[in-house]
Amino acid sequence: MMMTTRRRWRIGGMDCGSCVGKIETAMVRLDPVQSVTVSMAAETMTLELHDDSGPVLDDITDKIRALGFQATVMVDGQATMPPSDDEASSRRLPWPESLDEILYAALCLAVGGIVAFVLPDYAALVMGIAALLAALPVMKVAVNLARAGSVFSIELLMVVAVIGAVAIGESLEAGMVVLLFAIGESLEGIAAGRARSGVKSLMKLAPETARRVTATGFEDISPAQLRIDDIVEIRPGERIPADGVLVRGAADIDNSHLTGESVPVACETGSDVFAGAIVTDRPVQMRVLRASGQTMLDRVIALVEQSEQHKAPVERFVARFAKIYTPIIMALAALTILVPPILFGQDWNDWIYRGLALLLIGCPCALVISTPAAVTSALARATRIGLLIKGGATLEAIGAVRVMAFDKTGTLTEGRPALVGVLVLDGGDEDALLARTAALETVTSHPLATAIVAAARDRNLTLPDIADARTLAGAGVEGRLDGVMYQAGSALRLGITPDDSLAQWLRLQEDSGATAIVVLRDGVPVGGLALRDQARPDAAEALAHLRALGIAPVMLTGDAQRVAARLAGDLGMEYRAGLLPEDKLNALIALRDDPATPGMVAMVGDGINDAPALKAADVGIAMGGGTDIALEAADAVAVRARLSDVVGLVRLSRRTRAIIRQNIGLAIGLKAVFLVTSITGVTGLWLAVMADTGATVLVTLNSLRLLIGLRR
């Protein structure tokens, strides 16, 4: 099998899906190219090449530039970054590159106008030459596109219209058509850049250096040189260079780049931190858990780049339609020019003019950009509010979900036990019993023990000194407090027979889905503690919002029937309990295949055992604090692990779908009106171009509304 090498280019000047299509069409025709992936959002192109020698790379770069785009080969391993300020300032001209064609066209027409004024007898000839000279850049691109395989391009329509207008003596209009087209292209580029702004800002978040702690002090290195378990110091105002855990110090850390939170979060030793976050007030040291290329920020950027490979169904339909739409428009324009003069003896010049106007209004720019502009804006908005979506297909599918299945532990619940009840039998008080039990539990890291210690700290209790503390395998813990032996653990494992009052309390806790332990003093029960995994604070409200959106929530859990019933009752949802991972998968498939299910089925989970169901669902949504396997299997990720963000995801999807429909309606509606007016002679070439540009700008501006705050 022939070996391939992956190389990447930074591509500038893409402003719609047709630009991506032009580059892809040109690249797949090249012999060294095995596969091509172009990302408009990230402004990159990735090629799998059989030959990556210098001449081959230079040839590919030249071909992309010939199509009218900027192209620069990226160094392997370099992060995806937009052009730097230094690169931008390297141009000698004092204006943005997007104005070059506008200024060139305006200069040609201005010079032509002056010469025509001086030589009025040659005005028509002079303005015709000026219009053709103004159109030279467009002609060059049209020829290069045709050679690269994109024959029916927008540029070809412009060239035919300009040459035709000059031929019938409408040279001034031909020149204005070129100028208006250049202005329209510039406006599209500005709008597309605005839609990409959220994505591009993410790509600038990784710091350029990291301060690694060494035996002799500090050394400044590139974040790409960091390795797992390295210790790094971050000072106030600096960005964290990798994902890790704090090992020294405490600080308020701004995670807004991933979570959308407007307020920095207080982090202490043991807190997880992420690359790109800003340390705001005090220096801290962290241990690296994920090095460069594997961080959450890298995942976000990778998802953005991959998202355009998973196009929404409506986007794929529009792209296919656009391929046949342009030839149809050209055929219709040809019929408009030929039929009336040949069959009905009409004036040739008049119908050539109308046919050319029809050709211009038929440019599919607005239609082609209607979906990708909305999708790009929605994906950019999603990254700002802590939602990662793997492509337009996922974004569209989420809005069609009508049943949403939820894992229980870590998804609907906090994923850790919390103290929910205390029983005192010896006449003492709850705080004293809790303090003694917490002192015993400090000898183990069991989740129940951790929850008891945390509950004591929440009440600001002082833990007594403990002696001879040890764990009892499979039973609990024991130790001496003031010379008295205390034990805490399972009543059955500790070998005691509870009296009626304690036995009744234990049954009541178990029936409520809690885990109960007993506390013994010299072998005699003195009380008990009940712990239960609590529902997330936003769970009930989030599920209520989903039901209001017409989505039926269902809980799929491996927990016992009584535990599931209690939580499902509290949250008001259906449930399936006692499920193994394969049972969850089967239950999900049954929901998806149920004829009574009116739409798509989504799965929300966070654990390894949820991965099969996440993959099998129409849409898999992972909670951000979950396992790597769940995050990889899912189609979307709620980074903040909040159920309210799942609601926000549905609303964003439905809003995007609505805007896509509006965009398509605007594009087709305006074109339908101006096609009629062009054929009937009501509107001419200028208005045809302005209408086409106006439709494109309107569609783009409508899409940019998705960047504005979304009610969640």
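Is arginine 642 buried, partly exposed or exposed, and what is its relative accessible area? Arginine 642 is partly exposed, with a relative accessible area of 29%, where buried means under 20% relative accessible area, exposed means over 50%, and partly exposed lies in between (1.4 Å probe, protein chains only).

This is a predicted model, in which local features need pLDDT of at least 70 and side-chain atom pairs count only at pLDDT 80 or more, while totals for chains, interfaces and linings use all residues. Residues are numbered from 1 along each chain as its sequence is written, and side-chain values use heavy atoms, with hydrogens and water left out.

**Salt bridges**

The structure holds 21 salt bridges, each defined as a side-chain nitrogen of Lys or Arg within 4 Å of a carboxyl oxygen of Asp or Glu. Three of them, including that of arginine 642, are set out here.

| Basic residue | Acidic residue | N to O distance |
|---|---|---|
| Lysine 22 | Glutamate 155 | 3.0 Å |
| Arginine 470 | Glutamate 478 | 2.7 Å |
| Arginine 642 | Aspartate 645 | 3.8 Å |

Glutamate 155 lies in helix α7 (residues 154-167) and lysine 22 in helix α1 (residues 17-28), so this pair ties together parts that are 133 residues apart in sequence; both residues are buried. Helices (H or I, at least four residues) and strands (E, at least two) are DSSP runs, numbered from the N terminus. Arginine 470 counts as partly exposed at 46% relative accessibility, whereas its partner glutamate 478 is buried at 8%. Aspartate 645, the partner of arginine 642, is buried at 0% relative accessibility. Elsewhere, Arg212, Glu219 and Asp230 are joined into one network by salt bridges that share partners.

**The seven-stranded sheet**

An open sheet of seven strands follows the order β14-β26-β25-β24-β15-β22-β23, with mixed pairing; two strands pair if DSSP finds at least two bridges between them. Because β14 (387-389) and β23 (574-576) stand at the edges with a single partner strand each, one side of each is left without a neighbour in the sheet. The twist averages 20 degrees from one strand to the next, with axes fitted as lines to C-alpha atoms, for helices over the stretch in contact, and angles running from 0 to 180 degrees between N-to-C directions.

At one edge, β14 runs antiparallel to β26 (residues 636-638) and is joined to that strand by three bridges, and leucine 388 has valine 637 in β26 as its bridge partner. Helix α21 (residues 561-571) packs on the sheet, touching β22 (552-556) and β23, and its direction makes about 160 degrees with that of β23; contact means heavy atoms within 4.5 Å. Helix α22 (residues 581-593) also packs on the sheet, where its contacts are β15 (401-407), β22, β23 and β24 (600-605), and its direction makes about 155 degrees with that of β24.
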